[in-house]
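I opened my notebook on this one to see how the pieces sit together. Here is the model I was looking at.

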Amino acid sequence: MTSVAGRVRTFGPLVSRIAAALFGGYALAALASVAVLALPMSTPQAVLTGQLASFLVYAAAVIWVFAVRSALRAWAGLLVVAAPLLLAAWSVW
């Protein structure tokens, strides 16, 4: 029988990547859709652009999470991209 620590060591990084893809990707897509409102364009056009861009950002985040070498790099990459988007979105709020 495999011990609990062995199972966590085996499945922990996978569960972390899945959580990063689901929740981190969603947060990144939401930040990107709000940050588009800071661009110099009309509000209806910015909302539409943000909605369309959020699908691309979410898909790219999921691909990134499973393409990097470790789960720690996946989370770090999401945070690095989220920081400037948060600053841009903060100016809109």
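**The tryptophans, then the helices**

I began with tryptophan 93, which counts as exposed at 64% relative accessibility. A reminder to myself before going on: this is a predicted model.

Next I looked up tryptophan 90, and this residue is exposed too, with a relative accessible area of 62%. How many aromatic pairs does a search of the whole structure find? The search turns up one. The pair is made by tryptophan 90 and tryptophan 93, and its geometry is edge-to-face. I noted 6.5 Å from centre to centre and 75° between the planes.

**Entry on helix 3**

Helix 3 covers residues 71-92, which is 22 residues. I checked its span: 31 Å from the first C-alpha to the last, close to the 32 Å expected at 1.5 Å a residue. Where does the kink in helix 3 lie? I found it at alanine 82, shortly before proline 84, with a bend of about 30°.

Alanine 82 also appears among the buried residues of helix 3, together with Ala71, Ala74, Gly77, Leu78 and Ala89. I then asked what these buried residues pack against. The partners are helix 1 (4-35) and helix 2 (43-67).

**Entry on helix 1**

Helix 1 has a kink as well, of about 45°, at phenylalanine 11. Proline 13 follows shortly after that point. The buried residues here include Gly6, Ala20, Ala21, Gly24, Gly25 and Leu28. Ala29, Leu31, Ala32, Val34 and Ala35 are also among them. Their packing partners are helix 2 and helix 3.

I stopped at arginine 17, which lies in helix 1. Is arginine 17 buried or exposed? Its relative accessible area is 12%, under the 20% limit, so arginine 17 counts as buried. I looked up what it touches, leaving aside neighbours within four places in sequence. The contacts are Val65, Phe66, Ala67, Val68, Arg69, Ser70 and Ala71. Two of these names I had met or would meet again: Ala71 is buried in helix 3, and Val65 is buried in helix 2.

**Entry on helix 2**

Helix 2 has 25 residues and reaches 35 Å between its end C-alpha atoms, close to the expected 36 Å. Its buried residues are Ala46, Gly50, Ser54, Ala61 and Val65. Helix 1 and helix 3 are included in what covers them.

I went through some of its residues one by one.

- Glycine 50 sits in helix 2 and is buried at 0% relative accessibility. Beyond residues up to four places away in sequence, it touches Ser33 and Val36. I also took the C-alpha separation to alanine 82, the kink residue of helix 3: 15 Å, with the two positions 32 residues apart along the chain.
- Serine 54 is in helix 2 and is buried, with a relative accessible area of 15%. A polar atom of its side chain lies 2.7 Å from the backbone oxygen of glutamine 51. With residues up to four places away left out, serine 54 touches Ala29 and Ser33.
- Leucine 52, also found in helix 2, is exposed, with a relative accessible area of 57%. Its C-alpha atom is separated from that of serine 33 by 8.2 Å, and the two residues are 19 apart along the chain.
- Alanine 59 is another residue of helix 2. At 37% relative accessibility, I logged alanine 59 as partly exposed. Its C-alpha atom is 19 Å from that of serine 70, 11 residues away along the chain.

A note in the margin on reading such lists: an α-helix has 3.6 residues a turn, so residues three or four places apart point the same way.

**Entry on the record**

Last, I turned to UniProt. Which residues does the unreviewed entry list for "transmembrane region"? The entry gives 18-39, 46-66 and 72-92. I compared two of these stretches with the model.

- Residues 18-39 are 82% helix and 0% strand, with end C-alpha atoms 32 Å apart.
- Residues 46-66 are 100% helix and 0% strand, and their end C-alpha atoms are 30 Å apart.

Key
Residues numbered from 1 in each chain as written. Predicted model: local features only at pLDDT ≥ 70, side-chain atom pairs only at ≥ 80, totals over all residues. Heavy atoms only, no water. Helix = DSSP H or I, 4+ residues; strand = E, 2+ residues; numbered from the N terminus. Expected span 1.5 Å × (residues − 1). Bend = angle between axes of the 7 residues up to and from the residue. Buried < 20%, exposed > 50% of the residue type's maximum accessible area, 1.4 Å probe, protein only. Contact = heavy atoms within 4.5 Å. UniProt positions renumbered as here; feature names shortened; annotations may be inferred. Phe/Tyr/Trp six-rings, centres within 6.5 Å; stacked < 30°, edge-to-face > 60°. Polar contact = N/O pair within 3.5 Å; in protein donor to acceptor, adjacent residues only side chain to side chain.
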